[in-house]
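Labels such as "buried" or "antiparallel" are easy to throw around. Let's go through some of them and ask what backs each one up.

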Amino acid sequence: MSALRSLLLLLLSLCPGPGPGPGSEAKVTRSCVETRQVLGARGYSLSLLPPALISGEHLRICPQEYTCCSSEIEQRLTWETETTFRGLVEESSSFLVHTLASWHRKFDDLFREILLSSERSLALLFHHSFGRLYSQHAPVFSGLFSRLRDYYERSGEGLDDALVDFWAQLLERLFPLLHPQYTFSPDYLFCLTRLASSADDSLKPFGDAPHRLHLQITRALVAARAFIQGLETGRDVVSETLKVPMSEGCRRAVMRLTGCPLCRGIPSLPPCRGFCLNVANGCLRSHGLDPDWGAYLDGLLFLAEKLQGSFSFELAAQSIGVRISEALMYLQENSVAVSAQVFQQCGNPQRVQGRTRRAPAPREEVGRLWTSAGAVGAAGVPGTEERPTTPGSTSLNRLVWELRERLGRVRGFWAGLPLAVCGDPRMAADISKEAAPCWTGAGRGRYLSPVVGVSASEQLDNPELDKEDSSTDLQTRRRRLQLRAATTRMRVAALGRDVELDDWDEDASGSGEGQHYADDWMAGAAAVAPPARLPRPPRRDVSGGKGGGVLVRHNQGRSRTGGTSVGFHTQPILILFLSALALLGPR
């Protein structure tokens, strides 16, 4: 009988007991040694950590079972796990912020260098051709480039005003050189510029050159500025989005994911991957920028293609000197007809009295030099001029190609961000060990809840977060609105328009200004059809006396058709409309 009893005891000792269930690790071991070692290495005071498992009724986030955490430790771990989660998000996203910042700097440097190169080329060409005559009137040309840079930097007036003022000043300075025997009062010069800007284009002292230059410079500069603003907006929006604080529900979920295993005394047990993806999908969806992100990239890349194609910034900048040369040639060749028409409309100017010496013959000098400049302009830019490049010899085409390659890889960035976060070993078990036991949020086992997607409807079934925790917050909606505004600005710029103008040219309304003209960019090419007319040039207020005068614009306070301007500000209304869509639309 004793032998049978011994056999039964031996068999019972060899039989396996029931498998471990949730909470069984707390019953098997009452030690907090591993947790104390991990938290002690992080700087936690061991006096706050119990040596063995204690009752967890005081816990507010982790399961209220046996625990190694006091209330203070749980609170500190909640803050620490949130910091770790946000750090991983910023680390995973830093390359995107750096990419946008790098391309913004590269393109901005290139555009500025192209403008500077164009100004230097014009000064070299005209100084060689005009000599002293150009030196006397150099401020007119440098003033044009200064105002173009001001517009590009968003601190100056519109391009129409800059170009109109330039041609008006140029005409006021050159017309008297054609007639040195006369003296021209401010009233007479005002009549001259008013006649040159009449609606019927009865007097075109510079031919079609002003219209062609206006078309090329406007399309290229508007596109370049919208492109730079788009890169800047994207950089700032992404950077700010990644710094948005987490909701209370997300804090609790991240704590349950990575902090509660420490409190249960099993810090070496990794969180289940499905558990991590549900938490990350819910928390990051509220800060993501989809679907506006894809539309923003489309607008950015489309406008970049325009800048190296039909709206080429390089060719537009190079054409400035050529167009001005063409304008001077036209005035020289048609000076008799232009002068006759001016004298007929504005009257005969007063002759110069009491000339004591023979003045230089400006007309002959100007004719010779204009002919030289025109010959260069007809053949294109001087042969010694090279294609404008950055100091690193990177052309615009090269930059656009590289931008297309880089930005094409980040289209699915926001959808892939949860996968990147959960790829860190601190956040989830390795995907190759998915079948092994892991932390489910309640204990050791398998995570059985399905992984939900990032859409609003799918997040309603997220088992780890409430609906309010995964919904888009107001700050993220505002940032999405910023992306939409930048996208709209770039799309409008691709039509040759500036969304920030108070009023758009009536000649371009309805069909897109950029569609009225052929893509004629090469110097010396056949003339394209010009728009109906340019805006009115400035006039001089003669109240300042002879030789003075203050520039006063014809179209100040008026529309292009002569009616009263309503001051329609496109961008504020656009932003208001998009705000309503963002705040009232589906979450």
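Q: What makes Leu465 count as buried?
A: Its relative accessible area is 8%, and the label applies under 20%, so Leu465 is buried. Bear in mind that this is a predicted model.

Q: Where does Leu465 lie, and which residues does it touch?
A: Leu465 lies in the loop between helix H17 (456-459) and helix H18 (467-470). Not counting residues up to four places away in sequence, Leu465 touches Gly249, Cys250, Ala253, Asn278, Val279, Gly282 and Cys283. To put numbers on one pair, Leu465 and Arg252 are 213 residues apart in sequence, with 9.1 Å between their C-alpha atoms.

Q: What share of the contacts in the chain joins residues at least 24 apart?
A: Taking contacts between residues at least 6 apart in sequence, 80% join residues at least 24 apart. As for the chain itself, 49% of its 587 residues count as buried, and its secondary structure comes to 20 helices and 6 strands.

Q: Is Ala162 buried or exposed, and how do you know?
A: Ala162 has 3% relative accessibility; the limit for buried is under 20%, so buried is the right word for Ala162. Ala162 sits in helix H6 (residues 159-178). Leaving aside neighbours within four places in sequence, Ala162 is in contact with Leu144 and Arg147. Ser146 is 16 residues from Ala162 in sequence, and their C-alpha atoms are 9.4 Å apart.

Q: Why are H6 and H8 called roughly antiparallel?
A: H6 and helix H8 (residues 209-241) pack at an angle of about 150 degrees. Angles over 145 count as roughly antiparallel, so H6 and H8 get that name. Their axes are 10 Å apart, and the crossing is right-handed.

Q: Which residues make the contact between H6 and H8?
A: From H6 come Leu159, Asp160, Leu163 and Trp167, and they meet Pro210, Leu213, His214, Ile217, Thr218, Leu221 and Val222 in H8. The contact residues divide into 8 nonpolar, 2 polar and 1 charged.

Q: What makes H11 roughly antiparallel to H15?
A: Helix H11 (residues 292-308) and helix H15 (residues 396-407) pack at about 160 degrees, with axes 9 Å apart. The cut-off is over 145, so H11 is roughly antiparallel to H15. H11 passes H15 in a left-handed crossing. On the H11 side, the contact is made by Leu297, Leu300, Leu301, Ala304, Glu305, Leu307 and Gln308, and on the H15 side by Leu396, Asn397, Val400, Leu403, Arg404 and Leu407. Sorted by type, those residues give 9 nonpolar, 2 polar and 2 charged.

Q: How do you know that Arg86 and Glu82 meet in a salt bridge?
A: The N to O distance between their side chains is 3.9 Å, and the rule asks for a nitrogen within 4 Å of a carboxyl oxygen, so the pair of Arg86 and Glu82 qualifies. Arg86 and Glu82 are 4 residues apart in helix H4 (residues 71-130), which means about one helical turn separates them. Glu82, Arg86, Glu248 and Arg251 are linked in a network of salt bridges.

Q: Why do Arg86 and Glu82 get the labels they do for accessibility?
A: Glu82 has a relative accessible area of 10%, and under 20% means buried, so Glu82 is buried. Arg86 comes in at 24%. Partly exposed runs between 20% and 50%, so Arg86 is partly exposed.

Q: What distance makes Asp208 and Lys204 a salt bridge?
A: The N to O distance is 2.7 Å, and the limit is within 4 Å, so this pair makes the cut. Both partners count as partly exposed, Asp208 with a relative accessible area of 28% and Lys204 with 27%.

Q: What makes Glu402 and Arg398 a salt bridge, and how many salt bridges are there by this rule?
A: Their side chains meet at 2.9 Å, N to O. With the limit set at within 4 Å, Glu402 and Arg398 therefore qualify. Both lie in helix H15, 4 residues apart, about one turn of the helix. Arg398 is partly exposed, with a relative accessible area of 43%. By this rule the count comes to 21 salt bridges.

Notes
Residues numbered from 1 in each chain as written. Predicted model: local features only at pLDDT ≥ 70, side-chain atom pairs only at ≥ 80, totals over all residues. Heavy atoms only, no water. Axes fitted to C-alpha atoms, helices over the stretch in contact; angles between N-to-C directions. Helix = DSSP H or I, 4+ residues; strand = E, 2+ residues; numbered from the N terminus. Parallel < 35°, antiparallel > 145°, perpendicular 65-115°, else oblique. Left-handed = near helix turned anticlockwise from the far one by under 90°. Contact = heavy atoms within 4.5 Å. Nonpolar A, V, L, I, M, F, W, Y, C, P; charged D, E, K, R; others polar. Buried < 20%, exposed > 50% of the residue type's maximum accessible area, 1.4 Å probe, protein only.
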